[in-house]
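Student: Could we go through the terms used for this model one by one, setting each value against its definition?

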Amino acid sequence: MSHGALLAVAAGGVALLLLMIIKAKIQPFVALVVVSIGVALTAGVPAAELVATIEEGMGSTLGHIATIIALGAMIGRIIELSGGAASLAHSLMERFGEKRTPLALTAAGFLLGIPVFFEVGLIILMPIAYGVARASRKPLLVYALPMGAAMLTVHAFLPPHPGAVAAATTIGADQGWVLLFGIPVTAVVILLGYLLAKRMTRREYPMTADVYAKVFGGGDDSEAGSEHGSENEPAPKAAVEGAENPPSFGMVVSLIVTPIVLILLGTIGTNFLSEGSTLRAVLTVLGAPMVALLVAAALAAYFLGARRGWSSTRISEVMGSALPGVAMVILVAGAGGVFGKVLVKTGIGDAVADVLDRTGLPLLALAFAMTMLLRAVQGSTTVALVTTAGLITPLLQRTDLSPQQLALVCLAMGAGGLSVSHINDAGYWMFTRLVGLEVGDGLRTWTVLTTAMGVAGFLLTSLLWLVV
């Protein structure tokens, strides 16, 4: 087929994908697989090769990311159910002091957001924000807005979150470099978001009656997430379960940073130690994301579970309970890999790369703009990241980018995935309902803040691009 015809097939496929997700409300995994099959057949993939193409795309993607996402979820679940999340938040509030409690909760959102998915982290920390707002008699949004934005920022930018892992895997970025650049970028973006949220919350926004009564009328904090689905319900229980003997602040932070440190050491060893060195070999193994997270999961199971009296059965149940909540996320990422494989197999990827190349836009700007557009249109950060990664990979393969530059492309995509959280995003509805905001006020606060933080993340990434 000609490039024009291939581009028409690609445009039709993306349009169909958006229609299925937005209008028909079809699950993104199913939509991605259906569209991948349709695009493959329309673009001329022989029927006999269709199944093999799908299996290859799914297998090559999930071979990299399924274990990472599952182990990351297990670590987060153990921290959650041991009471470690509440301990982390309360310890930070004690260290920062009463006047800086919003900053303390923002820092808690940043740290807890690394191993815990955004929605679950929001449910875990929101009862704490309720209690602080009640005690101080200040608006809930003062505490909740920067805290929630911090968790969403980590969710969009950093492994082991599914979108970041899938994007890095698809474009061939080293996750160690993504973390090495991503952690400081994320920290600065979160600090800027905190300062912006501080200005935004000088104005008091009205709260819905039910949330106002829950926060200021003596309601039970543990009910804060009760109507948001069974996979999120255990979070308030987690704070109660570990309340009698919660793990220390140092223990929780150590477990969170362990896989990050191991991955970074692996990257450093690979780049700066001589080939054949025993230390390099050891660091390469320990620094593989899967191994690093496996080590952290084992340490979390021991220090937060076995050493605190949990039986092996209980530890197994807790770790297993993390998997249902991430199963569909893993499948969506795998289906994104199928879509990417189809784009390569049919030649559509090269045709799209030609068009993108002719725009003259820098790679970072393309990665950011495409992800932000897809995020704004269909709502899911993960879907936006995996789709953009599949579309932009053929263009990246034509360039001679260093590992550092590939990591920055991944972060630019993360900045796009952070932006424009609005009414088609489940995270938007979860946040606004938990803090009692009307739709208009949610758009004026949450949507504006996440978009500003996404743009800031892109600008910071662009500055780094100039020096790598």
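The turns below take up helix packing, a kink and some backbone details.

Tutor: This is a predicted model, in which local features need pLDDT of at least 70 and side-chain atom pairs count only at pLDDT 80 or more, while totals for chains, interfaces and linings use all residues. Residues are numbered from 1 along each chain as its sequence is written, and side-chain values use heavy atoms, with hydrogens and water left out.

Student: Why are H12 and H14 called roughly antiparallel?

Tutor: The axes of helix H12 (residues 249-272) and helix H14 (residues 289-305) cross at roughly 165 degrees and come within 8 Å. Angles under 35 degrees count as roughly parallel, over 145 as roughly antiparallel, 65 to 115 as roughly perpendicular and the rest as oblique, and H12 and H14 are therefore roughly antiparallel to each other. These angles run from 0 to 180 degrees between N-to-C directions, the axes being lines fitted to C-alpha atoms, for helices over the stretch in contact.

Student: Which residues make up the contact, and what classes do they belong to?

Tutor: With contact meaning heavy atoms within 4.5 Å, Met251, Leu255, Thr258, Pro259, Leu262 and Ile263 in H12 meet a set in H14 including Pro289, Leu293, Leu299 and Phe303. By class, the contact of H12 with H14 holds 14 nonpolar, 1 polar and no charged residues.

Student: What makes H17 roughly perpendicular to H19?

Tutor: Helix H17 (residues 348-359) and helix H19 (residues 381-397) pack at an angle of about 75 degrees, with axes 8 Å apart. This angle makes H17 roughly perpendicular to H19. Gly349, Asp350, Val352, Ala353, Leu356 and Asp357 of H17 form the contact with Leu391, Pro394 and Leu395 of H19, and the residues divide into 6 nonpolar, 1 polar and 2 charged.

Student: What is the span of H3, and where is its kink centred?

Tutor: Helix H3 (residues 47-81) has 35 residues and reaches 48 Å from its first C-alpha to its last, close to the 51 Å expected at 1.5 Å a residue, a value obtained as 1.5 Å times one less than the number of residues. The kink in H3 is about 45 degrees and is centred on Leu62, the bend being the angle between axes fitted to the seven residues ending there and the seven starting there.

Student: Which peptide bond is cis, and where does Pro160 lie?

Tutor: The cis peptide bond joins Pro159 and Pro160, with omega about 10 degrees, and Pro160 lies in the loop between helix H7 (140-157) and helix H8 (162-171).

Methods:
Helices (H or I, at least four residues) and strands (E, at least two) are DSSP runs, numbered from the N terminus. Ala, Val, Leu, Ile, Met, Phe, Trp, Tyr, Cys and Pro count as nonpolar, Asp, Glu, Lys and Arg as charged, and the others, Gly among them, as polar.
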